[in-house]
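Let's work through some exercises together, one step at a time. Keep the sequence and the picture side by side, and try each task before you read its solution.

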Amino acid sequence: FTSLVSSYNNLTVAGLSQAVTGLNPGTTYHVRVRAVNNSGTGANSTSASQATTTPGITINATTAVTSADFTTTYGTASSVQTFAIAGNNLVANITATAGTGFEVASDGATYGPTATFTNSGGSASGTLSVRLAATAPATGTYTSATVATMSSTSASPRTISTDGTGS
């Protein structure tokens, strides 16, 4: 072995198993064991390998482009579009960050610049609600605009974008 997880090197284990924590996602680790008894320490076992999983975020499973244009009149929020959000093998919550001129909600009611999907046991899921904010500029275009970006520690970010225009 070229590098060791220091807190587990030469660790004495009481019993037949030991949980190993603090590992990096998407990394292959090798382990070997040896017995210790009144006669001394035995030889190392052959090594076994195990790869940790990489966190992932999915959006609607098939699409990350809005199905319809976002349009509004200044002072009024647009109609809402929703997206199924899910993450697995997570080490942290999923945070949805609204793109310029948009706002997001994880509860369908409380809109703002960010929305959070809580990680529980390595998974998070829910429905992301997105709308063009009432304060979005009435001039300009929202063609191919970033509507929202989902991120979570160690996971690749995922983006929802639009091909529509706002007015």
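## Exercise 1: A residue in a loop

Leaving aside its neighbours within four places in sequence, Ala68 is in contact with Gln81 and Thr162; contact here means heavy atoms within 4.5 Å. This is a predicted model, where local features need pLDDT of at least 70 and side-chain atom pairs count only at pLDDT 80 or more, while totals for chains, interfaces and linings use all residues. Residues are numbered from 1 along each chain as its sequence is written, and side-chain values use heavy atoms, with hydrogens and water left out.

**Task.** Find where Ala68 is located and how far its C-alpha lies from that of Gln81.

**Solution.**
- Step 1: Look between β5 and β6, where Ala68 sits in the loop.
- Step 2: Check the accessibility of Ala68, which is 39%, so the residue counts as partly exposed (buried means under 20% relative accessible area, exposed over 50%, partly exposed in between, with a 1.4 Å probe and protein chains only).
- Step 3: Compare sequence and space: Ala68 and Gln81 are 13 residues apart in sequence, and their C-alpha atoms are 8.2 Å apart.

## Exercise 2: The whole chain

**Task.** How many helices and strands does the chain have, and what share of its residues is buried?

**Solution.**
- Step 1: Count the elements: there are twelve strands and zero helices. Helices (H or I, at least four residues) and strands (E, at least two) are DSSP runs, numbered from the N terminus.
- Step 2: Turn to burial: 28% of the 167 residues count as buried.
- Step 3: Consider the contacts in the chain with a separation of 6 or more; residues 24 or more positions apart account for 60% of them.

## Exercise 3: The nonpolar core

**Task.** Which residues touch the most other members of the largest nonpolar core?

**Solution.**
- Step 1: Recall the term: a nonpolar core is a set of buried Ala, Val, Leu, Ile, Met, Phe, Trp, Tyr and Cys residues joined through side-chain atoms within 4.5 Å.
- Step 2: Read off the members: the largest core has 22 residues, and Phe102, Leu128 and Val130 touch the most other members.
- Step 3: Find the elements that give two or more residues to this core: β6, β7 (94-98), β8 (102-105), β9 (114-117), β10 (124-132) and β11 (146-151). The most comes from β10, with four residues.
- Step 4: Zoom in on Leu128: beyond four places in sequence, its contacts include Phe83, Ile85, Val104, Ala105, Phe117 and Met150.

## Exercise 4: A residue in β8

**Task.** Is Ala105 buried or exposed, and which residues does Ala105 touch?

**Solution.**
- Step 1: Locate Ala105 in strand β8.
- Step 2: Check its accessibility: Ala105 has a relative accessible area of 0%, so it is buried.
- Step 3: List the contacts, not counting residues up to four places away in sequence: Ala105 touches Thr110, Tyr111, Ala115, Thr127, Leu128 and Ser129.
- Step 4: Look at Val130, which is 25 residues from Ala105 in sequence, yet 6.7 Å away from C-alpha to C-alpha.

## Exercise 5: A serine and its partners

**Task.** Which backbone atom does the side chain of Ser78 reach?

**Solution.**
- Step 1: Place Ser78 in the loop between β5 (56-59) and β6 (81-88).
- Step 2: Check its accessibility: Ser78 has a relative accessible area of 8%, so it is buried.
- Step 3: Follow the side chain of Ser78 to the backbone nitrogen of Leu132, at 2.7 Å.
- Step 4: Add the contacts of Ser78 beyond four places in sequence: Phe70, Thr71, Thr72, Arg131 and Leu132.

## Exercise 6: Positive phi

**Task.** What is the phi of Asn10, and what is the phi of Asn89?

**Solution.**
- Step 1: Start from the general rule: most residues other than glycine have a negative phi.
- Step 2: Asn10, in the segment before β1 (28-31), has a positive phi of about 60 degrees. Its relative accessibility is 55%, so Asn10 counts as exposed.
- Step 3: Asn89, in the loop between β6 and β7, has a positive phi near 55 degrees. At 36% relative accessibility, Asn89 counts as partly exposed.
- Step 4: Link Asn89 to another loop: Thr53 is in contact with Asn89, as well as with Pro25 and Gly26, leaving aside neighbours within four places in sequence.

Conventions:
A polar contact is a pair of N or O atoms within 3.5 Å; within protein, one must be able to donate a hydrogen and the other to accept it, and residues adjacent in sequence count only if both atoms are side-chain atoms.
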